[in-house]
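Please open the model in your viewer and keep the sequence panel beside it. The stops below are meant to be selected in order.

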Amino acid sequence: MRESKNNKVSESLRGKFGEKSRRWKGESAGYAAKHMWITKHYGRASKCSLDSSHKAKRYEWANISGEYKRDISDYIELCPSCHRKMDLKQTHCKYGHEYTEENTFINANGHRECQFCRRERRMRYAVN
């Protein structure tokens, strides 16, 4: 009984990717999902667009506007060093909180995090 139901569900989802998928969130998708989408559709980043003399083991897609659109013109290929430097130039987090000495946390990966957003995220997950 259960196997036939699983087969029906599996059949109904077969070939439904992207916007046809029942899990499609569109522009409300998260940070990681949008980066994976960019990589899937445009491939891995392969150079540093700011300085072609930079040689690295890997390259990253960096968001330019902070809006994380599904649009390649909103991303740039960078080496990790240039990507971190670009991120450090930002004065506010994506929710509009200013980065100050008291409000900034550097995580294990070397990325800045807004303390307000970090606290809210932890409280949100602590409730669940």
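The tour goes from a helix to a loop and then to the cysteines.

This is a predicted model, in which local features need pLDDT of at least 70, side-chain atom pairs count only at pLDDT 80 or more, and totals for chains, interfaces and linings use all residues. Residues are numbered from 1 along each chain as its sequence is written, and side-chain values use heavy atoms, with hydrogens and water left out.

Select first helix H3, residues 80-88, whose buried residues are Pro80, Cys82 and His83; buried means under 20% relative accessible area, exposed over 50% and partly exposed in between, with a 1.4 Å probe and protein chains only. Helices (H or I, at least four residues) and strands (E, at least two) are DSSP runs, numbered from the N terminus. Turn H3 to its other side, where Lys85 and Leu88 are exposed. Now add strand E1 (60-63) and strand E2 (75-78), against which the buried residues of H3 pack, contact being heavy atoms within 4.5 Å.

Move next to the loop between E1 and E2, where Tyr68 is found. Tyr68 is not a glycine, yet has a positive phi of about 50°. Most residues other than glycine have a negative phi.

Finally, select the cysteines: with a disulfide defined as a pair of cysteine sulfur atoms within 2.5 Å, the count comes to zero. Cys79 is in no disulfide, the nearest cysteine sulfur, that of Cys82, being 3.5 Å away; Cys79 is buried, at a relative accessible area of 4%. Cys114, buried at 3% relative accessibility, has its sulfur 3.8 Å from the closest cysteine sulfur, in Cys117, which is too far for a bond.
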